[in-house]
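Thanks for coming. I will take one structure today and go through it piece by piece, so please have the sequence and the model open in front of you.

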Amino acid sequence: MLTRHATCLCGACHATTTAEPVLVTACACHDCQLESGSAFGYNAFFPESAVATEGQTQGYTHTFASSRSQTAHRCATCGSPMWFTMDAVPGTIGLRAGTFVDADFPPPGAFYYTARKHHWLTLPDGLCTHDTDVPARHAPLYVPAPPRLAARMTPDRILPGVVLMLAFCVLAPLLDVASKLAAATIPVGQITTARFVVQGTLMLPVALVMGLGWHMSRHTAVLIGLRAVFLILSTYCFVAALRVMPVADALVIAFVEPFILLILGRLIFGDEVGPRRIAASVVGFGGALLVIQPSLAVFGTVALFPLGTAFFFAFYMLLTRQLTSAMHPVTMQLHTSIAGSLVCVPLMWAFNGSGIVSLDPVMPQGIAWLWLFGVGGCAAVSHIIMTYALKFAPAATLAPLHYLEIVAAVALGYAVFNDFPNAMTWAGIATIVSSGLYIIHRERMVARHRRAAGATAAPVR
């Protein structure tokens, strides 16, 4: 009989096991990161009859985003996490594998939520991996399921990530081109609705094939609804601008969104944002004004719509930030598409026959059907490509490439609509791109400084 001993930091709590673990797992979901205080949780499950515990603990019950419940116990003296039970793994007691002072303790047989793991973490070859959790239909929770396509793409390989990011930079402007072509005969509100309906229809089979869960808490559902509303407003503003503005001009103005997001992150979440990055954001807004000012004279107040796009999309990104620990990106986008459809379709029905040009739906004719499908199709495909680009390469590597979307927008705008930016627009592009790249550079310096000097060091500004 193999006996192992686990202990807390202060030695007041102990656990003794008299059997091999039935399963050893690692998980990088946000809950496990918070619970362990590390990049991932490392847990071993033993039969209840093979575990003896002693010592005073403090217990608490937590319900995960997947609606599964865990009751965890920590040492009442030092707070070390010790043992836990989960309703999804009945008949077992889980112990934090790090509490065993045993260098030969079995390694994980499966790694969950690879979509959330830190980019520097490289997993060993042959390890069974799962993009998120095992789907609810696979019970018990930690029975390894066949690895899916997404799970096989988890190693951080920079070149595929760069290639996918470049593909995104081409596909995203195609969404804008399809929107502008559709706007010639289709109301703005109807194009916005088509985006959500088509995107949701295309992403549903993807989510089913990946076996992603559907459960969410009421709080998460509210955030998804708000996320959909902000994406509706952002899309509506941008399509309204594209009706009259060149694609590149509208996109350049909308690229002030990272600057807005930086400021909102400081105001709402207390993110550390130094004066240099704030100054770069102000300069970036100045670059947007270089594009807006002549556009106001030509197109009127519609030239301000891309600013509305940037503002609403910044809030959309803040909500995305809140939801990343609760669900897989594909599931998040699918639920957002469903929520957006539930908002937009009734509105289109309500405004039918109203005579309001931007909201009164019409029957698409001929090729207009293709443009509407292209709006939703490009949105769905570009999102999936971006998701997997970030799985192959760190965000810090890919962020500067995002500005190539402007280059693609200029090329497509010229090829399809014979639009070419004037000198003032090029000056605005240069200013916004330079400011954005400088902010990315400062973010990298902050991360490097913290890694080198530790969390107590003064922040880099």
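**The sheet, the salt bridges and the cores**

I start at a turn. In the hairpin formed by S7 and S8, 5 residues lie between the strands, and Gly79 among the hairpin residues has a positive phi near 85°. Before going on, I should say that this is a predicted model.

Now the two strands of that hairpin. S7 and strand S8, residues 81-86, run antiparallel and are joined by 5 bridges. On its other pairing, S7 is joined to strand S6, residues 57-63, by 7 bridges, again antiparallel. Ala72 is a useful residue to look at here. Its bridge partner in S6 is Tyr60, and Ala72 also stands opposite Phe84 in S8.

Where do these strands sit in the sheet order? The sheet is open, has 8 strands and mixed pairing, and reads S6-S7-S8-S9-S4-S3-S10-S11. S6 and strand S11, residues 128-129, are the edges; each has a single partner strand, so one side of each has no neighbour in the sheet. Further along the order, strand S4, residues 41-47, pairs with S9 in the antiparallel sense over 5 bridges. Within that pairing, Ala44 has Leu95 in S9 as its bridge partner.

Next, the charged pairs. As background, side chains of opposite charge can pair when their charged atoms come close. How many salt bridges are there in this model? The count is 3.

Two of them share a residue, Glu35. Arg74 forms a salt bridge with Glu35, with 3.5 Å between the closest N and O atoms. Arg74 is in strand S7, residues 69-75, and Glu35 is in helix H1, residues 30-36, so this pair ties together parts 39 residues apart in sequence. Glu35 also meets Arg96 in a salt bridge, at 3.0 Å from N to O. That second pair links helix H1 to strand S9, residues 92-96, across 61 residues. Taken together, Glu35, Arg74 and Arg96 form a network of salt bridges.

Are the members of this network buried or exposed? Glu35 counts as buried because its relative accessibility is 13%. Arg96 is buried as well, at 10%. Arg74, at 22%, is partly exposed. The cut-off for buried is under 20%.

The remaining salt bridge is between Glu20 and Arg4, at 3.3 Å from N to O. Glu20 is in the loop between strand S2, 14-17, and strand S3, 23-27, while Arg4 is in strand S1, residues 4-7; the two are 16 residues apart. Glu20 is partly exposed at 42% relative accessibility, whereas Arg4 is buried at 10%.

On to the nonpolar side chains. In soluble globular proteins, these tend to be buried together. The largest nonpolar core here has 34 residues, and Val256, Ile406 and Ile432 are the ones that touch the most other members. The helices supplying at least two residues each are H4 (218-242), H5 (247-254), H6 (257-269), H7 (275-299), H8 (305-323), H12 (404-417) and H13 (423-453). Which helix gives the most to this core? H5 does, with 7 residues.

What does Val256 touch, leaving out residues up to four places away in sequence? Its contacts are Gly284, Phe285, Ala288, Leu307, Ala310 and Ile432. Apart from this core lies another, of 16 residues, which includes Val24, Cys75, Met82 and Ala97.

Some totals for the protein chain. It has 13 helices and 11 strands. Of its 461 residues, 49% are buried. The chain exposes about 21,000 Å², with carbon and sulfur atoms supplying 67% of that area. Among contacts with a separation of 6 or more, 72% are between residues 24 or more positions apart.

Last, confidence. The average pLDDT of the chain is 80, and 82% of the residues score at least 70. Residues 135-156 are below 50, and this stretch has 59 contacts in the model beyond near neighbours in sequence. Residues 453-461 also stay under 50, with 17 contacts beyond four places in sequence. Where pLDDT is low, the predicted coordinates should not be read in detail.

That is the end of my part; I will take questions now.

Key
Residues numbered from 1 in each chain as written. Heavy atoms only, no water. Core = buried A, V, L, I, M, F, W, Y, C linked by side-chain atoms within 4.5 Å. Buried < 20%, exposed > 50% of the residue type's maximum accessible area, 1.4 Å probe, protein only. Helix = DSSP H or I, 4+ residues; strand = E, 2+ residues; numbered from the N terminus. Contact = heavy atoms within 4.5 Å. Areas by Shrake-Rupley, 256 points an atom, 1.4 Å probe, with all protein chains shown as cover. Salt bridge = Lys/Arg side-chain N within 4 Å of Asp/Glu carboxyl O. pLDDT = per-residue confidence, 0-100. Pairing = 2+ DSSP bridges.
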